[in-house]
Amino acid sequence: MVIKKAVVLLFLLCVQVVASAQNNCAIKFSGTVVTEKGEALAGASLGIGKTERGEVSDRNGKFLFSDLCPGEYEVSVQYLGYKTKRFRFTATKDTYEEFRLEPEITELNEVVIQDAVMNTEQAQNFTVLQEKQLAESAGKTLGESLKEITGVNSIQAGPGIFKPVIHGVHSQRVLILNYGIRQEGQQWGAEHAPEIDPFVASNIVVIKDASAIKYGTDALGGVIVVNPAPLPESAGLGGSINTIAQSNGRSGTISGLLEGGIKNQEGWGWRLQGTAKRAGDFSSPDYMLTNTGIKELNFSASTGYHKENAGVEVFFSHFQTELGILKGTAIGNLDDLVNAMEREPPQYTSGFSYGISEPRQEVSHNLLKLNGHIDTHTGDWRVQYGFQNNNRREYDIRMAGLSSIPAIDLVLNTHTLETEWESNNSEKHISGFGITGMLQENNNIPGTQRIPFIPDFNNLSAGLFGVSKLIFKKVVADFGARYDYRYYNVAGYDYKNTLYKSSLQFNNVSATAGATFSLRKQQSLSVNLSTSWRPPHVAELYSLGTHQSAAAIEYGLLLNDSTNEVMEIEDVPFQIEQALKWVSTYQRSGAKFDFEASAYVNYIFNYTYLRPTGITQNIRGTYPYFRYTQTDALFVGADLSATWRVSPMWRITPKATLLRASDVRHDDYLVNIPSNKFEVGLRYEDPTLFSLRNFYVESKVKWVAQQHRAPRTITPREFNDAILEDTDPLLGSSSNFDFMDAPDAYWLINVAMGVSADMGKARYDFRLAAENLLNTEYREYTNRFRYYADDLGTNFIFSIKCTF
Amino acid sequence: MKNNFMNIYQSVIRVLFALSILAATLSLGSCDNDDPTKEDAPELITTATLTFMPSGGGTAVVVTATDPDGDGVKDIEVDGPINLMKNKTYTLSLSLINGLASPTDEGYDITAEVEEESDEHLFFFAWTNEVFADPAGNGNVDNREDPLNYNDEDLGGLPLGLSTDWTSIATSRSGTFRVILKHQPDLKSATSSSDTGETDLDITFNINIE
């Protein structure tokens, strides 16, 4: 009923806006974008209104918006490494304007921005989620917000846990930089989401090639850079309050930000930010997803002092969440999995509740960052220190009264120290080098009454890198190389609960080379070839036990096949995982049509993954077991996106994310590889409708294909039947398998509308959206809970953001 | 002014370095080489013992299932068979032990843990070839309603199954005998079946009536 009304409303609005669009819309707004010194800036992005209509400045810094209707407009001019410029004008006749952009030298997050300049502006293959797009995903987790970007998917564990996947790889193969600091949490688990509050960010950059070698090892798939806005530098007070209500999960989110400078203390700035979120049980179209609630509380504080050629900053953030895991996933052996998979709705399903019980997770993450930079005539120096404290507790339904104590209780403390020098005396050639160090300690907190899943360890890492950039008239070329060393000291308990200790060392080299060519007619072509490596995570070497909701036992690489004894790394055929990735992006911008296409090939040598190996019987029954194994994996894909401005007010935006992955060594498919997805957006916007600002209404139709390149299926029932006949379905073929066929393809329709209004000095943005408008029943292949339950039903979102 | 600032800046940088070195040292200091604490593992059942005590006295028939390596790859070792006499009544009692704990530890005797949480646990039994006269049939794994002679119950009056009665048939016959322990927190009821909840134990023995 509600849905029907909303559809009718949206339809009426469409009719209305179409009618009001019949104006004399032929005004031109043109101009140039230049630096402070008056040099043309090619590739600056200009947005008009708060709409998504955008242009990109050409080689001479020129841009043109044609076919504008009369009215008030706000133009924003953005260029990485420069301050965003905003300009208001009333369109009555053709207008020309020159925009001078100031460099962002006083950026709070300048390390990241500078790196972004080094690694994205020149090294080509990246996508930015701007503030406006982030506003449209407000209330979602970081991993879910990033799914908007072509080439990015997520590995999901129910409605609250999203792990970003870039070009088919995730976890240890994607590096997340939170405010310039490598995020160090328990990333090894597929149900461990990044511990970052997306409200901290003013933009998020996804670098899809492995060129960002400055940040260290592990960037085999790419890098996610979370950038907060720069700190204010002069007196004044500003801020925003964002409130979001969602019907599915009956959730409420409130996020506030307050920032300012200090009177008579030019250069000083501060910011306070906090988010609180509460959600109850989410629901699928037909039933509740019992025990999927979320409680989240985050805050951050920062202050900094900036001068023309130097600055210092302090930043502290706290992230804390409690997540319920769908109760129906609490299972033991294979028989339980048979029952769970054949049962719908899941076991324990009951009415709506905000309560969170076992199985559940409690995670907190603290970050303290100190950084400074100084620009001298010999070059720019930067130094930053980060301390991260990560706590993770996982509670399972357990016997003997143990449900109230965590089954996994880990604390991970990480210190990072990085220093970097970059030349500043030539505009044609920029080079830099840096040294990084990391000290990490992982401890199991005693009292879990279970043999720890991963051992305690200390990790000492050091790295050294050099980068160089050559800027020619039509070509920008980038080169870089890096050396890393890692030392592990490990102590844990094996299957017999006896102590083992080990020391491990790894070292290797990463390198990157790339270039961007500016072509005629606002076209560009970029190419990057890079190789990067990652040391194995301790979890991949020593894991032992069953996982939340997995019905499988996992063994690390160093556990002996037949005896389970922990072995030395010299005694197993282990080799370092290393990727060779080629990415090429073609871009074309025009008055009516923008187009971007990226193609990539990522060959990962010694790709480490959990391979189904056999079945074992213990007192609790039969379990399949998975062993960390190495193979060579190939990921080939393309990301396509376009914007077609049909008229000044109508825009069509098709997108496609295509990927094929294979296990080359075994001529097999890999499990949990995102399937191809396609999306078409249709958006109408009118900056001046009814004296309101930035009115828009849009709909997005998404089609997610079935994953046809999935490994064979062996259902738990087939396992059971085979066991009764005293055979083993895994004997004779060690091909990958999955317990359930990949789910069918599905369509989703999302609609949204928004409008802004000025009241006094404050600005209000209202947004109303509906996701899965048709309440479609579907299951997503990369959602680990697809064995147990349908995905989410319709969700209505209403948000108000007040900026002052 | 600029020099002044540079001085401030340089001292801030120095403090920053000092802090990080301090933090690094502290952290290294705390990476002492103390061994991690050993955990008890009270949920881990390594040995299940079935004792069939003949009514009116006699020698008990005892069989065990042993898990040599917990979550390791080795299969459990099941002895037996259960050799029962014809036409005789036995009382079966179950004992569950965590062999990784020492016998004095609280976590050693899991039978006691199950008894304590009797409102969340329920044993199910299944057998083939109708080897028992009472209960008749094939057990309550496939159907909770099927007959079974529970001797114990939880506080809510629902059966538990640590102790059960069995009368063998009057002819010689062989079959299998399966015991399942289900953990059914908030789920245990008069109708909760062997499909309900999480499996804590699932073992099968051969049985001979002779």
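Reader: Which hand does the crossing of helix 5 of chain A and helix 7 of chain A have, left or right?

Author: In this predicted model, the crossing of these two helices of chain A is left-handed. The term applies because the near helix is turned anticlockwise from the far one by less than a right angle.

Reader: What makes helix 5 of chain A oblique to helix 7 of chain A?

Author: Helix 5 (residues 334-342) and helix 7 (residues 716-724) of chain A pack at an angle of about 140°, and their axes are 8 Å apart. Helix 5 of chain A is therefore oblique to helix 7 of chain A: an angle must be over 145 degrees to count as roughly antiparallel, and the roughly perpendicular range is 65 to 115.

Reader: Which residues of helix 5 of chain A meet helix 7 of chain A?

Author: Helix 5 of chain A contributes A:Leu334, A:Asp335, A:Leu337, A:Val338 and A:Met341, and these meet A:Pro716, A:Arg717, A:Phe719 and A:Asn720 of helix 7 of chain A. By class, the contact consists of six nonpolar, one polar and two charged residues.

Reader: Which residues of helix 5 of chain A are buried?

Author: They are A:Leu334, A:Asp335, A:Asp336, A:Leu337, A:Val338 and A:Ala340. What they pack against comes from both chains: strand 35 (621-645) and helix 7 of chain A, together with strand 10 of chain B.

Reader: How do you know that A:Thr643 is buried?

Author: A:Thr643 has 21 other C-beta atoms within 10 Å. The cut-off is 20 or more, so the residue is classed as buried. A:Thr643 belongs to strand 35 of chain A. With its neighbours within four places in sequence left aside, A:Thr643 is in contact with A:Asp594, A:Arg651 and A:Thr653. By contrast, A:Asn489, 154 residues away along the chain, has its C-alpha atom 52 Å from that of A:Thr643.

Reader: Why is strand 15 of chain A described as mostly covered?

Author: Strand 15 (residues 222-227) of chain A has six residues, and six of them are buried. Both faces are involved: A:Gly222, A:Ile224 and A:Val226 point one way, A:Val223, A:Val225 and A:Asn227 point the other way, and all are buried.

Reader: How do you know that strand 12 of chain A and strand 15 of chain A pair?

Author: Five bridges link strand 12 (residues 174-178) of chain A to strand 15 of chain A in the parallel sense. Two bridges are the minimum, so these strands count as paired. Within this pairing, A:Ile176 stands opposite A:Ile224. Strand 15 of chain A also pairs with strand 14 (residues 203-207) of chain A, here in the antiparallel sense and over five bridges. There, the bridge partner of A:Val206 is A:Ile224.

Reader: What makes strand 9 and strand 11 of chain A edge strands?

Author: The open sheet has three strands in the order 9-10-11 (chain A), with antiparallel pairing. Strand 9 (152-156) and strand 11 (169-170) of chain A each pair on one side only, and they are its edge strands. Strand 10 (residues 162-166) of chain A joins strand 11 of chain A over two bridges in the antiparallel sense, and that value just meets the minimum of two needed for a pair. One of these matches is A:Ile166 with A:Val169.

Reader: Why is the pairing of the sheet with the order 4-10-9-6 (chain B) given as mixed or as uniform, and what is the order of its four strands?

Author: The pairing in this open sheet of four strands is mixed, and the order is 4-10-9-6 (chain B). Strand 4 (82-84) and strand 6 (121-127) of chain B each pair on one side only and form the edges. From one strand to the next, the twist averages 25°. Strand 9 (residues 173-183) and strand 10 of chain B run antiparallel and are joined by eleven bridges. B:Arg178 has B:Thr204 in strand 10 of chain B as its bridge partner.

Reader: How many residues does the contact take from chain B and from chain A?

Author: The contact takes 46 residues from chain B and 56 residues from chain A. On the side of chain B, helix 1 (2-30) and strand 10 (198-209) each supply at least two residues. Helix 1 of chain B gives the most, with twelve residues. The classes on that side are 22 nonpolar, nine polar and 15 charged residues.

Reader: How many helices and strands are there in chain B?

Author: Chain B has two helices and ten strands. Of its 210 residues, 32% are buried.

Terms used
Residues are numbered from 1 along each chain as its sequence is written. Chains are lettered from A and ligands numbered from 1 in the order in which they are written. This is a predicted model: local features need pLDDT of at least 70, side-chain atom pairs count only at pLDDT 80 or more; totals for chains, interfaces and linings use all residues. Two residues are in contact if their C-beta atoms, placed from the backbone, lie within 7 Å. Ala, Val, Leu, Ile, Met, Phe, Trp, Tyr, Cys and Pro count as nonpolar, Asp, Glu, Lys and Arg as charged, and the others, Gly among them, as polar. Axes are lines fitted to C-alpha atoms, for helices over the stretch in contact, and angles run from 0 to 180 degrees between N-to-C directions. Angles under 35 degrees count as roughly parallel, over 145 as roughly antiparallel, 65 to 115 as roughly perpendicular and the rest as oblique. A residue is buried if 20 or more other C-beta atoms lie within 10 Å of its own, exposed if 12 or fewer, and partly exposed in between; C-beta atoms are placed from the backbone.
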